[in-house]
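Okay, thanks for coming, everyone. I'd like to walk you through one structure today, so let me put it up on the screen.

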Amino acid sequence: MKTEAAILVNTKQPLEIVNLEIPILNEGQILVEILSTGICGTQMAEIDGLKGEDKWLPHCLGHEAVAKVIDIGPYNSKFQKDDKVIISWIKGSGIDAGGSSYIWNDKTVNAGAVTTFQRYSVISENRATKINISDEMNNILPMLGCASLTGMGAVNNVLDAKEGQSIGIFGFGGIGLNALLMARSLKLYPIIVFDTSEKRRALAKEAGADLVVNPSENHQILAFKERFPAGIDFMLEATGNVSVLENTLEYIKNLSGKLVVVGNAPANSMVKISPHQFNLGKSILGTWGGNSNPDRDVEKYAAILLKNRDLLANFLGETFKLYEINMAIDQMRARTIGRPIIGF
């Protein structure tokens, strides 16, 4: 059996659309049909060579999707055929079966425990979570595999935010949107979004941001600081921009302010922060996927997304076909869309 796939052959080059021979399933693996998948900043960093030397080329990509189980490997008790699942890079329950190797014209194509830029994919069972959703939601919910677990989890699990507390979100891509939706669900106030893209600031306002700020405009930053002279309770950094990370501690309150770092900076990046910020009682927190557990959190996060389906349709925009994936990547680089979705 073969599958069409978009694979990375060389960094800083467009993905190639190829046909791969699917391997035999091993213990704890499932074969799924990908129904829709999102493109995340992590894949952009891999494609652009920002994560350092890539020793696995050529390889498959993608780590968030809605899919259907079509075959099950040995010793798998978690799923049945035709189960609808959310595919995620974040581990849930089940066997950790590791990666796979596909064949393309007698060449080996590497794949991790989860890859989704392909019609059919071999997945480790602990990277899939069963979910009951209608087919009309297929192109809305792939973010549950990454952006939702990370963005919503960062607000709910890492910051442990409570009603009435204030939050700033730096970067309004998929993670920023999901962080905002969780903040709104928890009744945080005010919710402030910082983004240099006019289109993304407009989307943030539509999504319920109380204030949007263009951080490249100094007068807007000054106006923000004048409005909140004591700072705000939380900041969430979702850009991966080191200079942003170095400055955001200035925006949070003394004694209690918390900054959670979600964005992935390029390999070998270093951050310079004055120790005085810590003497003021401020904290920097890290997170691994929003400290989310897919088995526990997917249904809860899905309910929040489904309440905002009209907003999501506008944020995600038109669904791309697999052969259009490089166009989708270019639009994501240009930041003209929130999060590209590839539909099969």
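So, let's start with the open sheet of six strands: in what order do the strands sit, and is the pairing parallel or antiparallel? Before I answer, keep in mind that this is a predicted model.

Right, the order is β13-β12-β11-β14-β15-β16, and the pairing is parallel. At the edges you'll find β13, residues 211-213, and β16, residues 283-285. Each of those has a single partner strand, so one side of each is left without a neighbour in the sheet. On average, neighbouring strands here are turned by 20° against each other, ignoring direction.

Let me zoom in on one of those edges. Strand β12, residues 191-194, runs parallel to β13, and three bridges join the two. If you want a spot to click on, take V193: its bridge partner in β13 is V212.

Okay, zooming back out. The protein chain has 10 helices and 17 strands in total. How does its radius of gyration sit against that of a compact globule? Well, for 344 residues you'd expect a value near 20 Å, and the chain has 20 Å, so the two agree. Along the principal axes, the C-alpha atoms fill a box of roughly 60 × 40 × 35 Å.

As for the inside, buried residues make up 54% of the 344. And if you take contacts with a separation of 6 or more, 73% of them come from residues 24 or more positions apart.

Last, the outside: the chain exposes about 14900 Å², with carbon and sulfur atoms supplying 48% of that. Okay, over to you.

Notes:
Residues are numbered from 1 along each chain as its sequence is written. This is a predicted model: local features need pLDDT of at least 70, side-chain atom pairs count only at pLDDT 80 or more; totals for chains, interfaces and linings use all residues. Side-chain values use heavy atoms; hydrogens and water are left out. Two strands pair if DSSP finds at least two bridges between them. Helices (H or I, at least four residues) and strands (E, at least two) are DSSP runs, numbered from the N terminus. Axes are lines fitted to C-alpha atoms, for helices over the stretch in contact, and angles run from 0 to 180 degrees between N-to-C directions. The radius of gyration is taken over C-alpha atoms; the globule rule is 2.2 Å times the number of residues to the power 0.38. Buried means under 20% relative accessible area, exposed over 50%, partly exposed in between (1.4 Å probe, protein chains only). Contact means heavy atoms within 4.5 Å. Accessible areas come from the Shrake-Rupley method with a 1.4 Å probe; for residues, only the protein chains shown count as cover.
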